[in-house]
Amino acid sequence: MASDKMEGYVLPSFLLGVVNAIGIFALLTMSYGTLLRRVPTPLVRSFAIGAVFGAGASLSIANAVELAPGLRVDPRAVMLVLAAPFGGTMAAIVSSVMTSIVRAIAGGAGMWPGIANIWATALVGVLFAWLVFRNGRAYSMRRLALLGLASNVPLLFILTVPNPDAVAVFMRTIGPMAAIDTLGVVIFGTFLAKEHYRVARASHLERQASTDPLTGLVNRRKMRSTITEMIATARVARTPVSVLLLDIDHFKVVNDRHGHSAGDAVLQGVADIVARSVRSVDLVARFGGEEILVALPETDAPEAVAAAERIRRTIGQTSFDIGGKACQVTVSIGVATAAGSSVSFDALFASADEAVYLAKENGRDRTEITGSSAIALAA
């Protein structure tokens, strides 16, 4: 009789816990989208997603239903099993550590089986992330349902709780618990997938709007706004900013002799060399035609000239394959450096353009920096 009373109390209480978890799921979905947009570093983003999912699973434990002494159930599995597919292995580890700590604090005879359940559930998510959702495979409802069903396997740890009623309670509640956890994974996973696709599409459109389609470099519009921000930062920090303007020598001859497709291949090759020759903090952009601009923050004139010479020599020593034929080109590079409190993009670019013109006049395949290129403005 007491067992029947407990069963009649447990399922409504567990369902109430699931309803409360829906609010947690909504908060996690919003937080997940924010992290995808605001945290660019993959490892840091994975850690943060794990912390958010761990917080959600911990809140679920706080609202757990006790089936019997040492036997506690809650929807934590939903958050734990989805951590790896949507945040990576680091997210699974972080969420498991956080949830395990909270479960240890809750204590009880089922503490160790509960902690084992946490790590087993996270491991199921990691395996699915590696085997089912790898290489950008879609978060389809069928795959999420399969993940939800698999997330119920660690429920078997309930049987290891040192309680004589463990088996009986497990047999009475496994059906509803499995159904609710599976449904939770499908619903919550679908929300997360939609947020993931929404952020990914917005990011893709933003990249398209700011990227030159031929070279993959930053386009002219994005370049100007980025360098303007770079200059503003340099004004405050009182550090120099340098610009390299590269122009491919006799590029028209390449187009006329080998065709525009060959010219495109050469331009792509030059752009790739330049992009691989600079630091991650530097900006490489296609300025227009056969011109490529490089912005170097915290770089003075001698350092900028050294960088330009390194790039120029590498390009001159490279043979580009154009339709099975080898083609070599050279570049003329103009260098401009600015420091001070009132430098502008227009002044910096005009100085670099003047230096390129001088390099062309002096025989091409060279780097020049004019007297007005090193703009030293009063503080």
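The paragraphs below lead through a predicted model, beginning with one helix and its surface and then turning to the salt bridges.

A convenient place to begin is helix α4, which covers residues 89-106. This helix has 18 residues, and the distance from its first C-alpha to its last is 26 Å, close to the 26 Å expected at 1.5 Å a residue. Just after α4 comes G107, whose phi is positive, at about 65 degrees.

The residues of α4 can be sorted by their surroundings. Its buried residues are A91, A92, V94, S95, S96, T99, S100 and R103. On the surface, by contrast, I93, V97, I101, I105 and W119 form a nonpolar patch, and together they offer about 480 Å² of accessible area. Helix α4 supplies four residues of this patch, which is the largest share, and I101 is one of the patch members that has its place in α4. The spacing of such positions can be read against a general property of helices: an α-helix has 3.6 residues a turn, so residues three or four places apart point the same way.

From the nonpolar surface we turn to charged side chains. Side chains of opposite charge can pair when their charged atoms come close. With a side-chain nitrogen of Lys or Arg required to lie within 4 Å of a carboxyl oxygen of Asp or Glu, the count in this model comes to 13 salt bridges.

One of these salt bridges joins D247 to K360, with the closest N and O atoms 2.7 Å apart. The two partners belong to distant parts of the chain, since D247 is in strand β3 (residues 241-248) and K360 is in helix α12 (residues 345-361), 113 residues apart. Is K360 buried or exposed? Its relative accessible area is 18%, and because buried means under 20%, K360 counts as buried; D247, at 10% relative accessibility, counts as buried too.

K360 also meets the side chain of D249 in a salt bridge, at 2.9 Å from N to O. Here K360 lies in helix α12 and D249 in the loop between β3 and α9, so the pair ties together parts that are 111 residues apart in sequence. D249 counts as buried, at 3% relative accessibility.

The surroundings of D249 deserve a further look, for its side chain also reaches backbone atoms. A polar atom of that side chain lies 3.4 Å from the backbone nitrogen of V331, and the side chain reaches the backbone nitrogen of D365 at 3.0 Å. Leaving aside residues up to four places away in sequence, D249 touches T330, V331, S332, K360, R364 and D365, so that the salt-bridge partner K360 and both residues whose backbone nitrogens are reached, V331 and D365, appear in that list.

A salt bridge within a single helix offers another setting. The side chains of R276 and D272 meet at 2.9 Å, N to O; because they are four residues apart in helix α10 (residues 260-276), they are separated by about one helical turn. In this pair R276 is exposed, with a relative accessible area of 59%, whereas D272 is partly exposed, at 39%. Elsewhere, salt bridges that share partners join E309, R312, R313 and D365 into one network, and D365 is also the residue whose backbone nitrogen the side chain of D249 reaches.

Note on methods
Residues are numbered from 1 along each chain as its sequence is written. This is a predicted model: local features need pLDDT of at least 70, side-chain atom pairs count only at pLDDT 80 or more; totals for chains, interfaces and linings use all residues. Side-chain values use heavy atoms; hydrogens and water are left out. Patches are made of residues with over 30% relative accessible area and no salt bridge: like charges are joined within 9 Å, nonpolar side chains (Val, Leu, Ile, Met, Phe, Trp, Tyr) within 5 Å. Accessible areas come from the Shrake-Rupley method with a 1.4 Å probe; for residues, only the protein chains shown count as cover. Helices (H or I, at least four residues) and strands (E, at least two) are DSSP runs, numbered from the N terminus. Buried means under 20% relative accessible area, exposed over 50%, partly exposed in between (1.4 Å probe, protein chains only). The expected span of a helix is 1.5 Å times one less than its number of residues. A polar contact is a pair of N or O atoms within 3.5 Å; within protein, one must be able to donate a hydrogen and the other to accept it, and residues adjacent in sequence count only if both atoms are side-chain atoms. Contact means heavy atoms within 4.5 Å.
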